[in-house]
Amino acid sequence: MDFSLSSEQQAIVDSIKSLMKEFDDDYWLEHDKSGEYPEDFYQAVAAGGWLGITMPEEYGGSNLGVTEAALMMMTIAEGGGMSAASAVHINIFGLNPVAVFGTEEQKQRMLRPMAEGREKACFA
C-alpha cells in the first residue's frame with residue numbers, strides 16, 4: 001500500500017505550514033494564559049478557505065475529503081498544538097451531518113456562514 005501524499009494533499013500541508021508560521025509558540029502561550037479565543041487565527045483559517053474543506057462547493061466549501069481535512073488538522077496541531085486544533089476542529093467536522101442529511105434551508109443557514117468564518121460551530 002502506498003501512503004504517499006498526492007500533489008494536492010502535499011499542497012494542503014504546505015499551505016497550512018505557511019499559515020501556521022504567522023502564529024508562533026508565543027502566540028499560543030499568550031492565548032493559553034489569557035483564555036482568549038484565537039479569533040485572528042480562526043479568521044486566517046477562514047480567509048484561506050480552510051474551514052469549508054469538507055463542505056460542498058455550493059455552500060462555500062472545497063468538497064474535499066476527510067483525509068485532506070485530517071492532513072490539515074494534523075498540520076495545524078503540529079504548528080500550534082491542541083489549542084490551534086481545538087479552535088477549528090468542530091468547524092471542520094461538526095457540520096458534516098448537516099451537509100449530508102440537512103434540509104436545504106439548514107444547509108444555506110449553517111454551512112456557508114461557517115465556511116466563511118462568520119459563524120462558529122459548537123458542541124451541544
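**Exercise 1. At what angle do the axes of helix 2 and helix 3 cross, and within what distance do they come?**

Solution. Keep in mind that you are working with a predicted model.
- Step 1: Look at the two axes; they cross at roughly 125° and come within 11 Å.
- Step 2: Classify the angle. Helix 2 is therefore oblique to helix 3.
- Step 3: Find the residues that touch. Helix 2 brings Tyr27, Trp28 and His31, and these meet Glu39, Asp40 and Phe41 of helix 3.
- Step 4: Sort this contact by class: three residues are nonpolar, one is polar and two are charged.

**Exercise 2. Describe how helix 2 packs on helix 4.**

Solution. Let's start with the geometry again.
- Step 1: Helix 2 covers residues 25-34 and helix 4 covers residues 66-93; their axes cross at roughly 20° and come within 9 Å.
- Step 2: Angles under 35 degrees count as roughly parallel, so helix 2 is roughly parallel to helix 4.
- Step 3: Add the handedness, which is left-handed for this crossing.
- Step 4: List the partners. Asp25, Trp28 and Asp32 of helix 2 meet Gly79, Gly80, Ser83 and Ala84 of helix 4.
- Step 5: Sort them, and you get two nonpolar, three polar and two charged residues.

**Exercise 3. Work out how helix 3 and helix 4 are arranged, and which residues make their contact.**

Solution. The route is a familiar one.
- Step 1: Helix 3 spans residues 39-47, and its axis lies 10 Å from that of helix 4, at an angle of about 80°.
- Step 2: This pair is therefore roughly perpendicular.
- Step 3: From helix 3 come Phe41, Tyr42 and Val45, while helix 4 supplies Ile76, Ala84, Ala87, Val88 and Asn91.
- Step 4: Seven of these residues are nonpolar and one is polar, with no charged residues in the contact.

**Exercise 4. What does helix 4 span between its end C-alpha atoms, and where is its kink centred?**

Solution. Compare a straight helix with the model.
- Step 1: At 1.5 Å a residue, a straight helix of 28 residues would span 40 Å.
- Step 2: Helix 4 spans only 8 Å between its end C-alpha atoms.
- Step 3: Look for a bend, and you find a kink of about 135° centred on Gly80.
- Step 4: Link back to Exercise 2: Gly80 is also one of the helix 4 residues that meet helix 2.

Notes. Residues numbered from 1 in each chain as written. Predicted model: local features only at pLDDT ≥ 70, side-chain atom pairs only at ≥ 80, totals over all residues. Heavy atoms only, no water. Axes fitted to C-alpha atoms, helices over the stretch in contact; angles between N-to-C directions. Helix = DSSP H or I, 4+ residues; strand = E, 2+ residues; numbered from the N terminus. Parallel < 35°, antiparallel > 145°, perpendicular 65-115°, else oblique. Left-handed = near helix turned anticlockwise from the far one by under 90°. Contact = heavy atoms within 4.5 Å. Nonpolar A, V, L, I, M, F, W, Y, C, P; charged D, E, K, R; others polar. Expected span 1.5 Å × (residues − 1). Bend = angle between axes of the 7 residues up to and from the residue.
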